[in-house]
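Visitor: I have a structure to look at and some questions about it. Could we go through them one at a time?

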Amino acid sequence: MKNVSIYYTLAILFSGILAGCEGISDYSVNPNLRLRFSVDTLSFDTVFSSIGSTTKQFMVYNPNEEALRIESILLANAGKSGFRINVDGRKGDSFTDIDIWKNDSLYVSVEVTADPNGGNRPLLVEDSILFYTNGIRQSVLLQACGQDIRLIRGGVVFTEDTVLTADLPYLVYDSLTVAEGATLTLEKGVTFYMHNGASLIVSGTLKANGTQEEPVLFRGDRLDYIYAEIVLPYDRIPGQWRGIYFTSGSYDNELNHVIVRNGTSGLTCWESAPERLKINIRNSQITHMEGNLLVAVNCRTEASNSEFSNAVNATVALVGGKHRFTHCTIANYKKIGNGRDIQSPALILSNNLATGESETSYPLQQAWFDNCIIDGSWTDTTRLYGGEITFFTRETGEEQGHDETFNYRFNACFIKTARIENERFVRNLFGKSPSYVKTATKEEAYEYDFRLANESEGIGKADRAVSEQYPVDRYGVNRLTGETGPSVGAYEYVYREEDDKDEP
């Protein structure tokens, strides 16, 4: 009796499955019954020409109490627009007799490959998916912007002096290398879209000459958005490509008005001779990294009017060598990425480097900070040199400073740490963080703006003699002509009426 019951149950199940595979025999022919769509327009963000897009989907609903037969689904401009569709798992340009049960739905997936348009500006590409049901036509509009690019693939190496212009952006799929003895010059407005795993390796020299209006840009190649509780662009998500590496033989690199963002690491400067300039960073922004943001080992670096912000590990880590940072904002408030909490303070100064089981000493010959902000989300401000600055030294007590092995100086800086009584700290502000224009709340889609807000700490606290050497900030604001200036950090304070409105 038990076996009979099992066979009877299986028979019912199989009969149900077979019935589900058959078309609907009883469907309405009423032209007043319409389909409903999850979107009226399916929009893609900028799509690189000849490179396929990500897949997007929308839903087709039958909200009625009767089944419907969709007579045809077709792509209006099939084979010409570059769009491709998939209806409930089936690829094609047209489909007929698609049954949809009452109060049921089906998926439509869409991809697009844009043809080159012969220009440097994105060109709108459109098509429509047409749905015919009981003689009534409905449609969903498809839109994408096609952007022509220069594709760099297969490990390109520049072995001689090369100038790249901004006529088209560059899409780097793997590695781009500047050989020793060669100089790569990037003119204003040059943009690099870096694919997952891509890197720029500089063994020669990099000269990036952006302007305030047309900076040189390095960023990931995801141009779309993450759709969740908020519309968050991938451009704010770290870890999308590897980073820029300056090898031991690389010197005299210049980054002026350059933006580097959303990599695994930002700028990594390998061990060099500190007597010769490794890199000069001016009016630039290095931000949103999954590992370290700026690391320099036993080399000479200079930075001014620049922002270094947001990394899982160190924001700025200087190991040995000679360094000078003037009117820079070093801040770590990373809130999105791989889910790990911030692992390091914003600034690390060290005179030794541990690699595996070995440890190498590199004298910190000079680390000078003038009119800088050193800030972040760490709350430990009680221990000696805690908070957002940490010293790693070989000898006990050396963190107090040594002119030959651990030579540092902070002048007219804002530092989020406990107050430090040390002759190497002059005219500095200590304590809680300054107030910024934007601090990456969820409502702001995690957007940061490290300009000082009204009534913030650091306004008018810069050393004017130093500011006179850097009279204009990263955004072109004069530090010396305002009533409240000069202020610390990369950005000169400018009064904002909306900041006062936001106050309770």
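Guide: First, a definition: two strands pair if DSSP finds at least two bridges between them. Keep in mind that this is a predicted model.

Visitor: In what order do the strands of the antiparallel open sheet stand?
Guide: This open sheet has 5 strands, and their pairing is antiparallel. β1 (36-37) and β6 (90-92) each have a single partner strand, so one side of each is left without a neighbour in the sheet. With these two at the edges, the order is β1-β3-β8-β5-β6.

Visitor: Which residue of β8 is the bridge partner of R84?
Guide: Strand β5 covers residues 83-87 and strand β8 covers residues 105-112. They pair in the antiparallel sense over 5 bridges. In β8, the partner of R84 is E111.

Visitor: Which are the edge strands of the open sheet with mixed pairing?
Guide: The sheet with mixed pairing has 5 strands, in the order β2-β10-β9-β4-β7. An edge strand here pairs on one side only. The edge strands are β2 (41-48) and β7 (94-100).

Visitor: How many bridges join β9 to β10?
Guide: Strand β9 takes in residues 123-133 and strand β10 residues 136-147, and the two run antiparallel. One of the bridges has L124 and, in β10, C145 as partners. The number of bridges that join the two strands is 11.

Visitor: How far from R474 is the nearest side chain of opposite charge?
Guide: R474 lies in the loop between α2 (464-467) and α3 (497-502), and R474 is buried. The side chain of R474 makes a polar contact with the side chain of Y491 at 2.8 Å. A salt bridge needs a side-chain nitrogen within 4 Å of a carboxyl oxygen, and R474 has none. The nearest side chain of opposite charge is E307, at 4.4 Å.

Visitor: Which residue does a cis peptide bond join to G485?
Guide: Most peptide bonds are trans. Here a cis bond has an omega of about -5 degrees. The residue joined to G485, placed in the loop between α2 and α3, is P486.

Visitor: Is N262 buried or exposed?
Guide: N262 sits in the loop between β25 (258-261) and β26 (267-269). Its phi is positive, about 50 degrees, although N262 is not a glycine. The relative accessibility of N262 is 0%, and buried means under 20%, so N262 counts as buried.

Visitor: What is the phi of A412?
Guide: A412 is in the loop between β41 (406-411) and β42 (414-415). At 1% relative accessibility, A412 counts as buried. Most residues other than glycine have a negative phi. For A412 the value is positive, near 50 degrees.

Terms used
Residues numbered from 1 in each chain as written. Predicted model: local features only at pLDDT ≥ 70, side-chain atom pairs only at ≥ 80, totals over all residues. Heavy atoms only, no water. Helix = DSSP H or I, 4+ residues; strand = E, 2+ residues; numbered from the N terminus. Buried < 20%, exposed > 50% of the residue type's maximum accessible area, 1.4 Å probe, protein only. Lys, Arg positive; Asp, Glu negative; His and termini not counted. Polar contact = N/O pair within 3.5 Å; in protein donor to acceptor, adjacent residues only side chain to side chain.
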